[in-house]
Amino acid sequence: MIDISNLTVKFGGVVALDDLSLKITDDVVGLIGPNGAGKTTLTNAFSGFVNVSSGSVSVNGLNLIDMPPHKRTRWGVARSFQKVQTVFDLTVEEHLNTVLDAKGASGQLREKAIVRALNFVGLAAQRKTLGVDLNPYHRRMTEIAKCLVGAPRIILLDEPGGGLSESEMLELRRIILGIHPEFGAQILLVDHDVDLIRDVCTSTVVLDFGKLIAFGPTEEVLQDEVVKAAYLGR
Ligand SMILES: Nc1ncnc2c1ncn2[C@@H]1O[C@H](COP(=O)(O)OP(=O)(O)OP(=O)(O)O)[C@@H](O)[C@H]1O
Ligand SMILES: [Mg+2]
């Protein structure tokens, strides 16, 4: 279980997360809200990319906020970025190796982990392709493969569907649905595509101006009048 307690993140006068508390137990959980609601800030706080003003994010009693970012990676926090982080002069395999290096993985395990992650996201044929030569979909898949390669416990996906076509979104949906059964990781999925959230997330968190405005079974949350007014109606 992920226990977020009184989490506050401030950027100068902007309160990006405002005393957020919630307990997440489901395997695949949605995180939605209008632009600027604090979704990316929550993934950043989780993974150690921003400083937290107060509060905690605990998993089975372990407070991740107390751990330096590289220890969180080693422990099993993996994330993708809203803006893809493709390095032009690294191959897909080398992208995955950056994660395995950070995890301190040994040689034999590496090969297995790379093959498994690449097969899972359908990138086996692009293993030796340089970042610069990857199309936008393959760049997104490289981000997801990086999340999968290092024995993740929690995966934070920040708008993995950004810029994808309808058919690519179907493929993404299939891949996200397969992650928990295949890799066992708990997933927090940020996306503006409500259909994707509805299809893959059993429960959903809604933020607005850094505050929790709804949390519960996805369909109930999407029908909530407050959520409709704050987000879906905009
Ligand atoms: N590094 C930063 N420095 C200053 N302000 C920031 C920083 N990161 C985020 N913010 C501000 O914090 C608030 C929350 O931003 P955040 O990026 O978390 O929103 P979001 O829900 O991910 O939005 P979007 O749907 O547009 O991605 C916004 O007001 C944003 O301008
Ligand atoms: Mg964002």
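Select Glu-93, Leu-96 and Leu-100 in helix H3 of this predicted model. These residues meet Arg-110, Ala-113, Ile-114 and Ala-117 in helix H4. By class, the contact of H3 with H4 divides into five nonpolar, no polar and two charged residues. Now show both helices whole: H3 covers residues 92–103 and H4 residues 107–121. They pack at an angle of about 125°, and their axes are 11 Å apart. Angles that are not roughly parallel, roughly antiparallel or roughly perpendicular count as oblique, and H3 and H4 are therefore oblique to each other. Their crossing is right-handed.

Next, select the strands of the open four-stranded sheet, which has the order S2-S1-S4-S5 and antiparallel pairing. Strand S2 (14–24) and strand S5 (62–63) are at its edges; each has a single partner strand, so one side of each lacks a neighbour in the sheet. Within this sheet, colour strand S1, residues 2–11, together with S2: seven bridges pair the two in the antiparallel sense. To find the register, pick Ile-4, which stands opposite Leu-22 in S2.

Add helix H1, residues 39–47. H1 lies across S1, S2 and strand S4 (54–59), and runs at about 70° to S2. How many residues of helix H1 are buried? Nine of the nine are, so H1 is largely enclosed by the rest of the structure. Among those buried residues are Lys-39, Thr-43, Asn-44 and Phe-46. Step on to Gly-48, just after H1, where phi is positive at about 90°.

Keep H1 on display and turn to the other sheet. H1 also lies across S3, S6, S7, S8 and S9, and runs at about 150° to S7. These strands belong to an open sheet of six strands with mixed pairing, in the order S6-S7-S8-S3-S9-S10. Strand S6 (77–79) and S10 are the edge strands, each pairing on one side only. From one strand to the next, the twist averages 15°.

Within the six-stranded sheet, select strand S8, residues 186–190. Five of its five residues are buried, so S8 is largely enclosed by the rest of the structure. Which way do the residues of S8 point? Gln-186, Leu-188 and Val-190 point one way, Ile-187 and Leu-189 the other way, and all are buried.

Now display the partners of S8. Strand S3, residues 28–32, pairs with S8 in the parallel sense over four bridges, and Val-29 stands opposite Leu-188. Strand S7, residues 154–158, also runs parallel to S8, joined to S8 by five bridges. Two pairs to label here are Ile-155 opposite Ile-187 and Asp-158 with its bridge partner Val-190.

Bring in helix H6, residues 166–183, which lies across S3, S7 and S8. H6 runs at about 160° to S8. An angle over 145 degrees counts as roughly antiparallel, so H6 and S8 are roughly antiparallel in direction.

The last stop is strand S9, residues 203–208, with strand S10, residues 211–217. These run antiparallel and are joined by six bridges. Select Val-205 to locate one of the bridges: the partner in S10 is Phe-215. S9 and S10 form a hairpin with two residues between them. Finish on Phe-209 in the turn, which has a positive phi of about 50°.

How values were computed: Residues numbered from 1 in each chain as written. Chains lettered and ligands numbered in written order. Predicted model: local features only at pLDDT ≥ 70, side-chain atom pairs only at ≥ 80, totals over all residues. Buried ≥ 20, exposed ≤ 12 C-beta atoms within 10 Å, placed from the backbone. Axes fitted to C-alpha atoms, helices over the stretch in contact; angles between N-to-C directions. Parallel < 35°, antiparallel > 145°, perpendicular 65-115°, else oblique. Left-handed = near helix turned anticlockwise from the far one by under 90°. Contact = placed C-beta atoms within 7 Å. Nonpolar A, V, L, I, M, F, W, Y, C, P; charged D, E, K, R; others polar. Pairing = 2+ DSSP bridges.
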